[in-house]
Amino acid sequence: MSRVHLLEVADAEELSRRAAEEFVRRAHGRRFSVALAGGSTPRRLYQLLADAPYREQVNWTQVEFFFGDERTVPPDHADSNFRMANEALLAQLDLPDRQIHRMAGERDDLDAAATEYANEIGKVLGGTPPAFDLVLLGMGRDGHTASLFPGTAALSERRRWVVPNLVPQLDTRRLTLTVPILNHAACLLFLVAGAEKREALAAVLEGPRAPERFPSQLIRPEHGELLWLVDRAAAAGLSEAMKETLR
Ligand code: 6PG
C-alpha cells in the first residue's frame, strides 16, 4: 500500500533544506541507492548535501548514485544533468567512479545506451524491476517529470526500465527512467517550487486523471512512499482540502 504525503514549505530554500533532511534520514548508515533529478530545482539540495551539517550525516561510501533522466549532450555540457549534480555535489564527495552511474546521453546509439543503463541498474540493485531507495523528481510547468513529457512514447513504456524518448516540444531526444522502475522505488520525492508550477501542480494533484497531458500523475509507488515537497508559491493553486488530505 503506497503512502502519499504533501509538505508545503515557505520557499525554495526551505524546500531544499527539508529535502536534505529527508535524504539523510533515509541514507543514514546503510547501503543506499538514489536516482538524482535534473533541472534547476535540486541544485541547492545537492549543494546542501555537500556541506555541513548534512554531509557528515551520510556514509557516502555506501551511496550508489544514478540519474532519473539525461539530456542528449556530453557530460560537460551546460545542459547536462550529470554536470549540474557533479558540480553541486558529486565532485565534492570525491567518490570512486564505480559509485556514480551516469546516463550516457551523448551516445549516438541511445537505444544501446538505455539498455546498458538498465543493465547497470539491475547489476547494482538487483530485483525485477530494481527498487531504488530514493528517487528525486522535479516537475515541469507542463506536468512532466524526469523526461516523461506530455504525449511522448515513453509514457506508455511498461517493459523497459530506461528508454530514449523523442520530445517534439523541445525538438530533442532524452534518456529517461520509465514508470515501471520509478513506481517500484521505496520512496519518490518530488521537489516543486515557484509560482510557474502552480497550475500544473493543481492539475496533477486535483485535476481529472489525464496522465498523457500531466505525466507526473503516472508516479504512484506500488509499495513505497510518495512525498510532494512543495513551496508556498507552487502550492497556491491547491485546495485546503487537498492539502489536508495529503498532510
Ligand atoms: C530535466 C529534469 C526535469 C526537471 C523538470 C523541472 O532533465 O530537466 O529531469 O524533469 O526536473 O523539468 O525542472 P526545474 O527544476 O528546472 O523547474
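## A hairpin, a ligand pocket and some unusual backbone angles

Strands E6 and E7 form a hairpin with four residues between them, and Asp171, in the turn, has a positive phi of about 50°. The model described here is predicted.

The two strands of this hairpin, E6 (residues 162-167) and E7, pair in the antiparallel sense over six bridges. One position can be picked out to follow the pairing: Val163 stands opposite Thr176 in E7. Strand E7, residues 172-177, also pairs with strand E4, residues 69-71, again in the antiparallel sense, over three bridges. Here Glu70 has Leu175, in E7, as its bridge partner.

Strand E4 begins at residue 69, and Asp69 is among the residues closest to the ligand. The others named as closest are Ser40, Thr41, Ala146 and Lys197, and 15 residues surround the ligand in total. By type, this shell divides into two nonpolar, nine polar and four charged residues. The space taken by the ligand is the largest pocket.

Three contacts with oxygen atoms of the ligand are listed below.

| Residue | Atom of the residue | Distance to a ligand oxygen atom |
|---|---|---|
| Ser40 | polar side-chain atom | 2.6 Å |
| Asp69 | polar side-chain atom | 2.6 Å |
| Ala146 | backbone N or O atom | 2.6 Å |

How much of the ligand does the protein bury? Taken alone, the ligand exposes 410 Å², and the protein buries 87% of that.

The remaining points concern the backbone. Most residues other than glycine have a negative phi, and most peptide bonds are trans. Asp171 in the hairpin turn, with its positive phi of about 50°, has already been mentioned. Asp94 is not a glycine either, yet its phi is positive, at about 55°. Where is Asp94 found? It is in the loop between helix H3, residues 81-93, and helix H4.

Two cis peptide bonds can be described as well. One joins Ala52 and Pro53, with omega of about 0°. Pro53 is in the loop that runs between helix H2 (42-49) and strand E3 (63-67). Another cis peptide bond joins Thr128 and Pro129, and its omega is about -10°. Pro129 lies in a loop too, between helix H4 (110-125) and strand E5 (134-137).

Methods
Residues numbered from 1 in each chain as written. Predicted model: local features only at pLDDT ≥ 70, side-chain atom pairs only at ≥ 80, totals over all residues. Heavy atoms only, no water. Near = heavy atom within 4 Å. Polar contact = N/O pair within 3.5 Å; in protein donor to acceptor, adjacent residues only side chain to side chain. Areas by Shrake-Rupley, 256 points an atom, 1.4 Å probe, with all protein chains shown as cover. 1 Å grid on protein atoms, 1.4 Å probe; cavity = no way out; pocket = protein on both sides within 12 Å on 5 of 7 lines; lining within 4 Å. Sits in = over half its atoms within 2 Å of the grid points. Nonpolar A, V, L, I, M, F, W, Y, C, P; charged D, E, K, R; others polar. Pairing = 2+ DSSP bridges.
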